[in-house]
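Me: I would like a close look at a single part of the structure shown below, taken slowly and with its surroundings in view.

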Amino acid sequence: MLIVAKPQNKQIPNCAQCVIKKEGDYLHSSNFRWVVHSLIKMKFGFCGDGDCPDWVLAEIHSNLAQLTTGQLNDLGEHTAKSILGEEIPEAEISKIYSITKGSMDGPKGGIACLRFLLTSASRYNTESAEFSTELQQLGLPKEHTAILCRLLDDYVQKIRAVLREKSLSINQLDTFSCSIPKNTIDCIQLKIGIQNEIVDGLPRKTAHTVNLNRNDALLLLSELKAVRDTMESYNFDKKYSEEK
């Protein structure tokens with residue numbers, strides 16, 4: 001069992017204090033890189049019995065663990081609601097991190113990490129007790145872990161429903177329009193609105209404009225219709241029942 005805690009010597013950068021229990025002996029290390037190397041070899045249920053991404057581990061230590069429990073709770077609530085489709089209020093996030101101006105890298109990293117933790121735990125049906133143990137193994141304080149477990153219990157069913165609905169989509173199509181720009185020849189302009197597109201770590205509503213040659217647009221339309229017909233005629237239930 002590997003446990004990671006805050007370093008006693010706070011003047012040492014990028015360090016953590018850890019204790020490893022192996023065959024009845026305790027070994028101590030303050031080298032954060034060594035801790036990361038050991039952790040990435042472990043398997044975690046909320047990661048589908050796979051490795052925890054190194055960027056998630058880094059955000060847990062350098063970001064989430066540094067917040068107060070109240071700040072983490074507010075950030076987690078906004079993040080969970082954003083997974084369900086709500087927009088994240090930047091003003092509220094700035095207050096959580098006490099940012100009046102400057103970089104938003106910290107909030108973006110924290111939100112991205114929380115999105116990964118909540119969606120992965122929901123996707124792999126991770127129980128709260130297992131989730132709590134694994135988060136503490138990764139170095140998140142017990143009080144912070146309790147908050148994430150409560151968030152998981154509160155939102156897991158809704159998150160799973162969203163994951164099922166969006167299982168075959170990368171970004172959710174919000175609006176679409178087609179027009180012919182003025183003073184153009186054989187040109188078609190497509191305007192596409194995307195909901196919850198991840199931009200710099202935050203989900204946003206975005207708009208994209210694409211200009212196409214008329215012949216290219218007709219070819220694209222023909223190919224999309226062919227794909228639609230193929231998907232509608234494909235029996236996924238029969239395919240997976242035959243594989244079993």
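The part I have in mind is helix α5, and what follows is a request about it and one connected reply.

What does α5 look like, how much of it is buried, and which residues does it meet in α3?

Reply: This is a predicted model, and a word on confidence should come before the helix itself. The mean pLDDT of the protein chain is 79, with 75% of the residues reaching 70 or more. Residues 1-37 should be read with caution, since there pLDDT stays under 50, although the model has 53 contacts beyond four places in sequence for them. The chain as a whole has 244 residues, of which 38% are buried, and it contains nine helices and six strands. Among contacts between residues at least 6 apart in sequence, 51% join residues at least 24 apart.

Turning to α5, which runs over residues 105-123, the helix has 19 residues and spans 27 Å from its first C-alpha to its last, close to the 27 Å expected at 1.5 Å a residue. The helix is mostly covered, with 14 of its 19 residues buried. Beyond its end comes N125, which has a positive phi near 50°.

One partner of α5 is α3, which covers residues 69-83. The axes of the two helices come within 9 Å and cross at roughly 65°, and the crossing is right-handed. On the α3 side the residues that take part are L72, L75, G76, T79, A80, S82 and I83, and on the α5 side they are G110, I111, L114, R115, L118 and T119. As background to that list, an α-helix has 3.6 residues a turn, so residues three or four places apart point the same way.

A second set of contacts is best followed from S122, which belongs to α5. S122 counts as buried because its relative accessibility is 1%, and the cut-off for that word is under 20%. Leaving out residues up to four places away in sequence, S122 touches L152, V156, I159, R160 and L163. I159, in turn, is part of helix α7, and it is buried because its relative accessible area is 1%. Beyond four places in sequence, the contacts of I159 are I83, L84, L118, T119 and S122. L118 and T119 also appear among the α5 residues that meet α3, and L118 lies 41 residues from I159 in sequence but 8.2 Å from it in space, C-alpha to C-alpha.

The same region can be viewed through the largest nonpolar core, which has 37 residues, and L117 is one of the members that touch the most others, a group that also includes L75, F131 and L148. The elements giving two or more residues to this core are α2, α3, α4, α5, α6 and α7, and α7 provides the largest share, eight residues. In soluble globular proteins, nonpolar side chains tend to be buried together. L148 shows how the core reaches α5: apart from its neighbours within four places in sequence, L148 is in contact with L72, L114, L117, L118, F131, L135 and L140. Two of the residues in that list, F131 and L135, are buried residues of α6, as are S128, S132, E134 and Q137. Past α6 comes G139, with a positive phi near 105°.

For contrast, two residues outside the helices deserve a brief look. D49 sits in the loop between α1 and α2 and has a positive phi of about 60° although it is not a glycine; D49 is exposed because its relative accessible area is 59%, where exposed means over 50%. D186, in the loop between β4 and β5, likewise has a positive phi, of about 50°, without being a glycine, but D186 counts as partly exposed because its relative accessible area is 47%.

Taken together, α5 is a mostly covered helix that crosses α3 in a right-handed sense, and its residue S122 touches I159, among others.

Note on methods
Residues are numbered from 1 along each chain as its sequence is written. This is a predicted model: local features need pLDDT of at least 70, side-chain atom pairs count only at pLDDT 80 or more; totals for chains, interfaces and linings use all residues. Side-chain values use heavy atoms; hydrogens and water are left out. A nonpolar core is a set of buried Ala, Val, Leu, Ile, Met, Phe, Trp, Tyr and Cys residues joined through side-chain atoms within 4.5 Å. Buried means under 20% relative accessible area, exposed over 50%, partly exposed in between (1.4 Å probe, protein chains only). Helices (H or I, at least four residues) and strands (E, at least two) are DSSP runs, numbered from the N terminus. Contact means heavy atoms within 4.5 Å. The expected span of a helix is 1.5 Å times one less than its number of residues. pLDDT is the predictor's confidence in each residue, from 0 to 100. Axes are lines fitted to C-alpha atoms, for helices over the stretch in contact, and angles run from 0 to 180 degrees between N-to-C directions. A crossing is left-handed if the near helix is turned anticlockwise from the far one by less than a right angle, and right-handed if clockwise.
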